[in-house]
Amino acid sequence: MGKAKKEEEAVFLRKKITLLRAFSLLIGSMVGSGIFISPKGVLRNSGNVGLSLIIWLACGILSLFGALCYAELGTRITKSGGHYIYILETLGPLPSFLFLWAEYFAIRPANSAVVSLAFGRYILEPFFAPCVAPLPAVKLVALLGYYIVLILNSWSVSWSAQLQTFLSVIKLAALTLIIVPGMMLLAQGHTENFQDAFNSQSLALDKLPLAFYAGMFAYSGWFQASFVREELVRPERNIPLAVIVSVITVIVGYMLTNVSYYTVLTAEDVLVFQAVAVSFAQHAFQRLISVVPILVALSCFGTMNGAIFTFTRTLFVASREGQWPPLFAMIHIRRHTPLPAVMLMFPLVTAMVCVGDIYHLLNFFSFSRWLFIGLATLGLIVHRYRHPELPRPFKVPLFVPVSFTTICLFTVGMSFYSDPVSISIGCAMVLSGFPVYYLVVCRPMPKCCHDLFYHLTFKLQVLLEVIKQEIRTY
């Protein structure tokens with residue numbers, strides 16, 4: 001009895017993510033703002049409807065390859081942390097710190113800002129139709145939605161996971177409301193928008209990397225289970241099963257959704273409107289006008305929730321590995337949530353929502369994201385070579401990580417030509433981590449700075465009611 005009570009009161013992250021919750025986390029992270037804002041980016045940077053549909057399918061297959069690579073990494077490496085821990089364990093501390101640096105200062109806040117802005121736009125669009133919702137109002141609602149998600153993740157892991165499961169159902173319902181009317185019209189012979197689908201006059205080959213960025217943004221989320229590996233029930237079985245089923249489900253859903261978009265809307269309609277799903281509802285069925293934006297907004301809300309839920313685990317693990325301040329490896333005494341890690345994203349996301357634009361933010365963070373994902377799958381190849389003796393509960397053919405890594409790194413290189421300004425800023429953000437790593441992480445901190453830092457950490461620990469978690473080996 002005493003042992004059971006002690007176990008209940010111990011402070012550590014519990015294994016609360018079942019197969020259903022893992023599936024919901026992945027679906028909830030992938031199906032978000034991307035499918036409702038990326039069609040415009042894919043079409044604009046590909047040049048025609050036919051090539052845009054090919055890119056959507058190619059992005060889905062590429063995402064499946066990446067998900068399979070991460071499923072193997074997740075069964076070989078038993079720590080949470082996703083990209084960070086995989087790069088650390090396979091390529092070493094310097095590239096892992098550079099990822100952490102870019103992830104905190106560029107990738108995650110920009111990604112969260114994009115999703116938050118999409119949430120704000122879809123919430124407000126019905127109230128201002130047929131006019132465009134004012135940008136200040138969109139940004140205000142975007143921040144409000146993001147802050148609600150922050151509070152929820154600070155309060156309860158179980159509530160966050162249960163909300164993610166519920167919102168995953170909402171996301172699939174939103175896709176269904178778009179797919180069914182489109183397929184009905186297509187079956188009735190409405191194929192006029194697919195005439196001359198591969199018009200070469202509007203082809204934009206130099207912009208194809210940006211089209212891939214927009215498409216891969218819509219699929220991004222297939223890696224989220226790897227961030228919470230230590231909290232998964234039976235990870236050796238559930239990680240591969242969850243990623244395979246969820247990614248295939250999303251590929252089918254996205255292809256049908258895009259076909260429905262182009263059945264109802266012309267290419268010019270898709271390029272003109274910011275909220276593609278609202279425009280779809282206006283053209284398809286008037287009674288869907290008020291329903292679709294609400295479902296899409298809830299879908300974006302679920303993506304925000306999934307992103308915070310997983311990224312906080314990256315900061316948590318990085319602190320535990322000694323590459324981030326120790327405060328962010330602490331757990332709230334009563335709530336058992338990584339409260340300091342959750343709250344750390346607050347200022348940067350707020351700043352990027354206030355000053356950012358969706359498509360520039362998307363190009364800005366996509367460079368860094370796909371660079372490091374490519375490095376993580378490169379690390380899988382290296383890890384196989386260095387440690388052939390390790391058990392492999394799940395293994396993919398070698399051509400899968402080789403193909404995925406090559407395409408990722410090639411696309412990253414080509415994007416410098418497509419959008420040199422945004423990509424150069426992203427590159428500079430990554431490179432700025434070099435001096436920080438050598439001056440702060442590699443070198444021991446002077447005693448006076450160490451004492452001051454320790455005193456400040458202690459004060460914050462008391463204020464936030466957090467404590468270092470007990471290390472558990474499962």
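**Notebook: selected residues, cavities and ring pairs**

**Entry on Arg384.** I looked up Arg384 and recorded it as buried, since its relative accessibility is 12%. Buried means under 20% relative accessible area, exposed means over 50%, and partly exposed lies in between, with a 1.4 Å probe and the protein chains only. The model is a predicted one, in which local features need pLDDT of at least 70 and side-chain atom pairs count only at pLDDT 80 or more, while totals for chains, interfaces and linings use all residues. Residues are numbered from 1 along each chain as its sequence is written, and side-chain values use heavy atoms, with hydrogens and water left out.

I placed Arg384 in helix 16. Helices (H or I, at least four residues) and strands (E, at least two) are DSSP runs, numbered from the N terminus. Which residues does Arg384 contact, leaving aside neighbours within four places in sequence? I noted Glu72, Arg76, Lys395, Val396, Pro397 and Leu398; contact means heavy atoms within 4.5 Å. From Arg384 to Leu73 the C-alpha distance is 10.0 Å, although 311 residues separate them in sequence.

**Entry on Leu398.** I then turned to Leu398, one of the contacts of Arg384. Leu398 sits in the loop between helix 16 (358-386) and helix 17. Its relative accessible area is 45%, so I entered Leu398 as partly exposed. Beyond its neighbours within four places, Leu398 is in contact with Ile381 and Arg384. The C-alpha atoms of Leu398 and Ile381 are 7.7 Å apart, with the two positions 17 residues apart in sequence numbering.

**Entry on Thr191.** I found Thr191 in the loop between helix 8 (157-187) and helix 9. Thr191 counts as partly exposed because its relative accessibility is 33%. Thr191 and Tyr262 are 71 residues apart in sequence, and their C-alpha atoms are 8.8 Å apart in space.

**Entry on two serines.** Is Ser246 buried or exposed? I recorded a relative accessible area of 0%, so Ser246 is buried. Ser246 belongs to helix 10 (residues 235-264). Not counting residues up to four places away in sequence, Ser246 touches Phe23, Leu26, Ile27 and Met30.

I next checked Ser116, which lies in helix 6. Ser116 counts as buried because its relative accessibility is 0%. With neighbours within four places set aside, Ser116 contacts Ala142, Tyr146, Met304 and Val353.

**Entry on aromatic rings.** I used this rule: rings of Phe, Tyr and Trp (its six-membered ring) pair if their centres lie within 6.5 Å, and planes under 30 degrees apart count as stacked, over 60 as edge-to-face and the rest as tilted. The rule gives 18 aromatic pairs. Why is the pair of Tyr70 and Tyr86 edge-to-face? The ring planes stand at 75°, with the centres 5.4 Å apart, so the pair falls in that class. Tyr70 is in helix 4 (residues 49-76) and Tyr86 in helix 5 (residues 83-91), 16 residues apart, and the pair links distant parts of the chain. Both Tyr70 and Tyr86 are buried.

I also examined Phe119 and Phe301, whose ring centres are 5.9 Å apart and whose planes are at 45°, so this pair is tilted. Phe119 lies in helix 6 (residues 93-128) and Phe301 in helix 13 (residues 291-320), so the pair ties together parts that are 182 residues apart in sequence. Phe119 and Phe301 are both buried. I noted in addition a cluster linked by ring pairs, made up of Phe97, Trp101, Tyr104, Phe105, Trp324, Tyr437 and Tyr438.

**Entry on cavities.** On a 1 Å grid over the protein atoms alone, a cavity is a set of points where a 1.4 Å probe fits but cannot get out, and lining residues have an atom within 4 Å of a point. Grid points are joined across faces, edges and corners, and a volume is the space filled by probe spheres set on the points. I counted 4 cavities of 30 Å³ or more in the structure. The second largest cavity has a volume of about 70 Å³. Its lining consists of Leu62, Phe212, Tyr213, Met216, Trp370, Ile407, Cys408 and Thr411. Helix 9 (208-219) and helix 17 (399-418) each supply at least two residues of that lining.

**Entry on the whole protein.** I closed with totals: the protein has 20 helices and 2 strands, and 58% of its 474 residues are buried. Among contacts between residues at least 6 apart in sequence, 84% join residues at least 24 apart.

Definitions and conventions: On a 1 Å grid over the protein atoms alone, a cavity is a set of points where a 1.4 Å probe fits but cannot get out, and a pocket is an open set with protein on both sides within 12 Å along at least five of seven lines; lining residues have an atom within 4 Å of a point.
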